[in-house]
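Here is a friendly walk through one model, with a few stops along the way. Please keep the structure open beside you as you read.

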Amino acid sequence: MSGILEEIETKIQGIKTSTAKSNVGVVRETGDGVARIEGLSDVMLNEMIEFPNGIFGLALNLEETEVGVILLGETTKVAEGDEVKTTGKLLQVPVGKALLGRVVNTIGEPLDGKGKIKTDSFYPLEKIAPGVIKRRSVSQPVQTGIMAIDAMIPIGRGQRELIIGDRATGKTTIAIDTIISQARLNKAGEKGELKDYRPLYCIYVAVGQKNSNVARTLAVLEKEGAMPYTTIISAPASDTATNQYLAPFAGAAMGEWFMDNGMDALIIYDDLSKHAVAYRQVSLVLRRPSGREAYPGDVFYLHSRLLERSARVAEEFGGGSVTALPIIETQAGDVSAYIPTNVISITDGQIYLETDLFYQGVRPAISVGLSVSRVGSAAQIKAIKQVAGKVKLDLAQFRELAAFAQFGSDLDAATKARLDRGQRIVELFKQKQYNPIPVEEQVAVMWAMQNGYIDPVPVDRVKEFQIKLQDYLETRKESLLASIRDKKQLDEELESQLKSALEEFKATWR
Amino acid sequence: MKINKEIRRLSREMLRASFTDGQLDPGRIASLVDSLIARKPRHSVEILQNYRRLLRLELEKRRARIETASEVDPETRSKLIADLKQKYGNDLTTEFVVNPQLLGGMRIRVGSDVWDGTVCNRLERLQQQL
């Protein structure tokens, strides 16, 4: 008890002796979440400004006689004539493992009613991305559990892979499936079931979304047991444009903590179209000149500096990584709009989702022709490469032939075989939501496809065949799956085991 | 007030011309305003308004506002003025204000610099720290 009294006494002494020098200004104009301030001669760009009533703002426009400040929090309490002062601090958010399992707002305050976040570490929102010396190339996979992605558009740790598509085509579902898959792998890793496994922590940044959508996502993640490895940052549509603009940067700061401490993180920015809209609003209210589609000139830099913070750092710097899955919503499939083209050019590939495919029942509705991963194949495990090497080509040829075959009735045997195979691959890649498939099962199923075990199965029963096969392998051939998981490649021994397992299963399949 | 580049440029030029030996010259200011009114260029009202604003900001940089909880004795007053003039230049004007809400101590504001040694401020900081 006496310790506390002494501590207070020293604090009082410290205050007694010092006269605080500060730099102040006066609010001349306020509205739409922005205040214009006269004075503040020593203000720095992006510095936090303290308003009366405990409100803070961020200095974004430093002009000749005025400073444009965006307000964080309650904007209605700021009045003309209020005296404000500089703080000498940059905006920062709490970081660390204490945030896992929590739902927070842009500045890291809890929204889930689970009490205060106990952490001593804080990171600034804006930080320069790691340079060339610190980085290394992508070599470890992010297993999304979505067969079409893991086989054809693999994602590596440290990569930035865009998920792009119209509204209601399953963009968020891919992100949530990936989070669920990571949670399952993390759990298995904790139990020691996976050799040399590095846990991947997830950060889901919801920008400009409906609160009901965020609540639904939270419910799914809680139900699937993924929340202990996940942080949700929510800046919903009802939040201020300032908070929506800053939320992805808060997510990046939280992810960087994991990277700096030798761990891996995955950030989902859902979505950057709304983020750009929020930034456009802030910029227009700040009276910055507008450019194409009324976006400010630095909207490209906004997204490039955000996504550039995703990296895989070299072993001597801890070997951590931040993987980013930004999401972009297109209007009527127009990928040539301003923001989609910007983000496509920044990222290391994109997963393009098509409305037509979605309504044909191909879900996830991934367009194989337009989707690409520029660096991820280096991160694919060898077993997947062995079984899925030609799948993308087969599917592309199938699509071309399918369009051609509509006009002719007589097809040669080779074309027909190709069409049959293509139809079955399409069926195999259909997958229920929130149901990621472990990589070893993906390998087994694709091996069966590659070696013609699925060819005799009628197309409409391929999915049933696949599910039964997975059940059979999980219950009867657990050791085979474990060997694939550990060896990460198919050797002769594993192939013969797979062959005998498939023969055995086929005998029972009706 | 919406101002365009031209208004901003002209009012800034007028401000630059308002100084004699680094100090604001009331005579020059008056003649500048008179000549502008006589010539009546486009947006002359807006130029004058912006010029007035720039002058106000310039004057604020050269004005010290000293707030205390009680009246300051003449000796401290003259010492304070001398110290401030030494730091900010001889054209500094001073204004003494009594504000009992400060409880004790002194608060000096020159332009946007503030030195706050008031009891009120110390209590606020103590509250924040605890």
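## A residue in a helix

A215(A) is found in helix α4 of chain A, which covers residues 211–223. This is a predicted model, so please read what follows in that light. Is A215(A) exposed, partly exposed or buried? Because A215(A) has 13 C-beta neighbours inside 10 Å, it counts as partly exposed; the exposed class ends at 12 and the buried class begins at 20.

You can also look from A215(A) across to S234(A), which lies 19 residues away along the chain. The C-alpha atoms of A215(A) and S234(A) are separated by 9.9 Å.

## The cores

Let us turn to the nonpolar interior. The largest nonpolar core has 136 residues, and the ones that touch the most other members are V69(A), V205(A) and I267(A). Which helix gives this core its largest share? That is helix α5 of chain A (residues 241–260), with 12 residues. As a general point, nonpolar side chains in soluble globular proteins tend to be buried together.

I267(A) is a good place to zoom in. Setting aside neighbours within four places in sequence, the contacts of I267(A) are I203(A), V205(A), G251(A), A252(A), G255(A), V322(A) and A324(A). There is also a second, separate core of 5 residues, and among them are I7(B), L10(B), I47(B) and Y51(B).

## Where the chains meet

The contact draws 16 residues from chain A and 15 residues from chain B. On the side of chain A that touches chain B, α1 (2–17), β1 (20–31) and β2 (34–39) each supply at least two residues. β1(A) gives the most to this side, with 6 residues. By type, the residues on the chain A side divide into 6 nonpolar, 7 polar and 3 charged.

β1(A) also pairs with strand β6 of chain B (residues 113–116), in the antiparallel sense and over 4 bridges. To find the pairing on screen, start at A20(A): its bridge partner in β6(B) is D116(B).

## A helix in the open

Our last stop is helix α2 of chain B, residues 26–39. This helix has 14 residues and reaches 20 Å from its first C-alpha to its last, close to the 20 Å expected at 1.5 Å a residue. Why does α2(B) lie largely in the open? Of its 14 residues, the number buried is 0, so α2(B) lies largely in the open.

Just after α2(B) comes K40(B), which takes a positive phi of about 50 degrees.

Notes:
Residues are numbered from 1 along each chain as its sequence is written. Chains are lettered from A and ligands numbered from 1 in the order in which they are written. This is a predicted model: local features need pLDDT of at least 70, side-chain atom pairs count only at pLDDT 80 or more; totals for chains, interfaces and linings use all residues. The expected span of a helix is 1.5 Å times one less than its number of residues. A nonpolar core is a set of buried Ala, Val, Leu, Ile, Met, Phe, Trp, Tyr and Cys residues joined through C-beta atoms within 7 Å. Two residues are in contact if their C-beta atoms, placed from the backbone, lie within 7 Å. Ala, Val, Leu, Ile, Met, Phe, Trp, Tyr, Cys and Pro count as nonpolar, Asp, Glu, Lys and Arg as charged, and the others, Gly among them, as polar. Two strands pair if DSSP finds at least two bridges between them.
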